[in-house]
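This briefing concerns internal space and ligand surroundings. Please consult the sequence and structure shown here.

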Amino acid sequence: MTDSLWNEGDPIADHAAPDGPIETRWERRQFEAKLVNPANRRKLTVIVIGTGLAGGSAAATLAEAGYHVRSYCYQDSPRRAHSIAAQGGINAAKNYRNDGDSVYRLFYDTVKGGDFRARESNVYRLAQVSVNIIDQCVAQGVPFAREYGGLLDNRSFGGTQVSRTFYARGQTGQQLLLGAYQAMERQIGLGNIVMNSRHEMLELIVVDGRARGVVVRDLVTGEISTDLADAVVLASGGYGNVFFLSTNAKGCNVTASWRAHRKGALFANPCYTQIHPTCIPESGTHQSKLTLMSESLRNDGRVWVPLAGGDKRAPGDIPEDERDYYLERIYPSFGNLVPRDIASRAAKNVCDEGRGVGPGGLGVYLDFADAIDRLGRHAVEEKYGNLFEMYQRITGEDPYLVPMRIYPAVHYTMGGLWVDYDLQSTIPGLFVVGEANFSDHGANRLGASALMQGLADGYFVLPSTINDYLARGPFGKLDESHPSVRDARHSVEARLEKLLAVDGDRTVDSFHRELGHIMWEYCGMERTEEGLTKAISLIRGLRDEFWSRVKVPGTGEQLNQNLEKAGRVADFFELAELMCIDALHRAESAGGHFRAESQTEDGEALRHDDEFSYVAAWEYGFDGPPTLHKEDLTFDYVHPSTRSYK
Ligand SMILES: Cc1cc2nc3c(=O)[nH]c(=O)nc-3n(C[C@H](O)[C@H](O)[C@H](O)COP(=O)(O)OP(=O)(O)OC[C@H]3O[C@@H](n4cnc5c(N)ncnc54)[C@H](O)[C@@H]3O)c2cc1C
């Protein structure tokens, strides 16, 4: 079966990336990029899909620069984007703690943390720009936590030995998003951004090879319309909900990216999924989502399981010498702050050994007793109060008195649309920012670096690089009568009609849940050739069943959430197959992609740099399998080595 699952295409290269000393690459690219003079910016329009941290910051900054911006989101307000859920913090190489941090160290940690599957140039730029983000957000009034003396406070996240994470209690995403939202609102007020909430982009319009617009559906009235512009920016977030259960907001989906992929944008590293180690364990089949307990909790919480398998005693009855603080034992240098992929697999291993706790044995303890003894309850409450309260409300257990129970869950997707150094996809004029692109995290994202990347992309990188493209515009008048515009619109209408016409007997959710089970079982924390091959045939079977049995009640001319979900799940089916193909072809373990056939003697991920040191960029296969284009990765500064946190 594997032979016919994909075709091998030509290699792909990032032609926008400058060479020379890494410290000056970004500055040089900015200097070499064309500029658009302020008067000409007023003649140009950019569509931004998404109002999370990436899209919100991009829209505000582009509008501030003088471009016309039209923004879209499917929520009822831009500030309800999923970014609002981010809890723990945002990294920046400010070295306020004077603990040895630097731009270079953040760069180094991120390349290593990503298991040497990210681009050095991009990551270095990310580390450079990180320091500007904090200044920008402080200037906006984002209430970062402060120390006693009034300086901004920091805490640690996984995969690092310094404290570089800026935070606003357990609500960092919310506070940052309010900053970006205010900046957007200012521009909305000035008429430079036209905000379209409760609209879903269902198709990309490509004219003469360039992205020129989108087809959207008004989610309240069902009206389909087209919007045309000089460039399109996708900031539509990640696709973790392909697993059905994840820590993502329920609305997160892949449709905007997938529609672009079908129009020619390559999709990179789709199999790289982050499984977060500290989530509240699943409590039954009724659940539709999982809840994250921020990684910041591992600063003070200690992870353990009983030493003996099958020990059913209450945690407080298990004496110290009968506990296994397994992360501290196996990884003494990083202890509880090992990166997420490592901590997740370690939790799975101890549960597989029969030492898991809680219902079904799928849980490990995250214990704050030591921290409360050392710092006092008040100090712990100050740092994590809202997270503790959330845990108590969901589980009914008081984490100040008994350890939290946690288990890994799907959390983030490192894969996404392929972009070059300018954040431009393989479709000219289509830029992709934030979690929707694949750019900076390699095979594993370090904690607190998604917010950093989203805001780096939106506030600093895109507003600079998009000029180089727009300087060649305007790209010719266009109206609704253009055949490419009409075709795009008709394809959306036909697809909605097709979904409604099935009129079967199974709910959309039941398909989504079953798809999620397949993905978690075979393309989750551990993958094998046999399992992935099986998953592909199960997904195909279920997809066929979906198109013959799905029931979408109601019509297209009204608020119809079943119709919205059906379209998203239909795209998830196609994505899921590509994820499994990508996971199958990558016969190595790297970061969030653990192939059971490729592990060291002590069960750690085993990369094969000689064969797989590349970005896998996939081209959609309309009449056959997808085509793989490889972008070689070179490491001139951080040389690939076996990642060790011991
Ligand atoms: C519970 C949780 C906690 C987290 N905590 C942290 C943390 O502490 N630190 C950290 O660095 N990262 C954290 N992350 C990850 C981080 O929050 C996300 O990666 C990041 O916020 C994504 O931002 P974004 O702007 O790319 O996308 P999102 O915030 O997901 O925004 C997507 C936007 O696109 C819009 N959209 C999508 N599709 C369409 C469409 N078809 N049409 C119109 N609009 C569309 C949506 O309406 C939305 O406005 C956390 C994630 C979770 C789930």
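The largest cavity is lined by 14 residues, with Leu202, Thr255, Arg495, Leu496 and Gly567 nearest its centre. On a 1 Å grid over the protein atoms alone, a cavity is a set of points where a 1.4 Å probe fits but cannot get out, and lining residues have an atom within 4 Å of a point. The model is predicted: local features need pLDDT of at least 70, side-chain atom pairs count only at pLDDT 80 or more, and totals for chains, interfaces and linings use all residues. Residues are numbered from 1 along each chain as its sequence is written, and side-chain values use heavy atoms, leaving out hydrogens and water.

**Largest cavity**
- Its volume is about 130 Å³ (the space filled by probe spheres set on grid points, which are joined across faces, edges and corners).
- The helix α16 gives the largest share of this lining, five residues (helices are DSSP runs of H or I, at least four residues, numbered from the N terminus).
- This lining comprises five nonpolar, two polar and seven charged residues (nonpolar: Ala, Val, Leu, Ile, Met, Phe, Trp, Tyr, Cys and Pro; charged: Asp, Glu, Lys and Arg; polar: the others, Gly among them).

**Second largest cavity**
- About 60 Å³ of space lies in this cavity.
- Its lining takes three residues from α9, which gives the most.

**Ligand**
- A polar side-chain atom of Gln75 lies 2.4 Å from an oxygen atom of the ligand.
- For Ser83, a polar side-chain atom is 2.5 Å from a ligand oxygen atom.

Conventions. A polar contact is a pair of N or O atoms within 3.5 Å; within protein, one must be able to donate a hydrogen and the other to accept it, and residues adjacent in sequence count only if both atoms are side-chain atoms. On a 1 Å grid over the protein atoms alone, a cavity is a set of points where a 1.4 Å probe fits but cannot get out, and a pocket is an open set with protein on both sides within 12 Å along at least five of seven lines; lining residues have an atom within 4 Å of a point. Helices (H or I, at least four residues) and strands (E, at least two) are DSSP runs, numbered from the N terminus.
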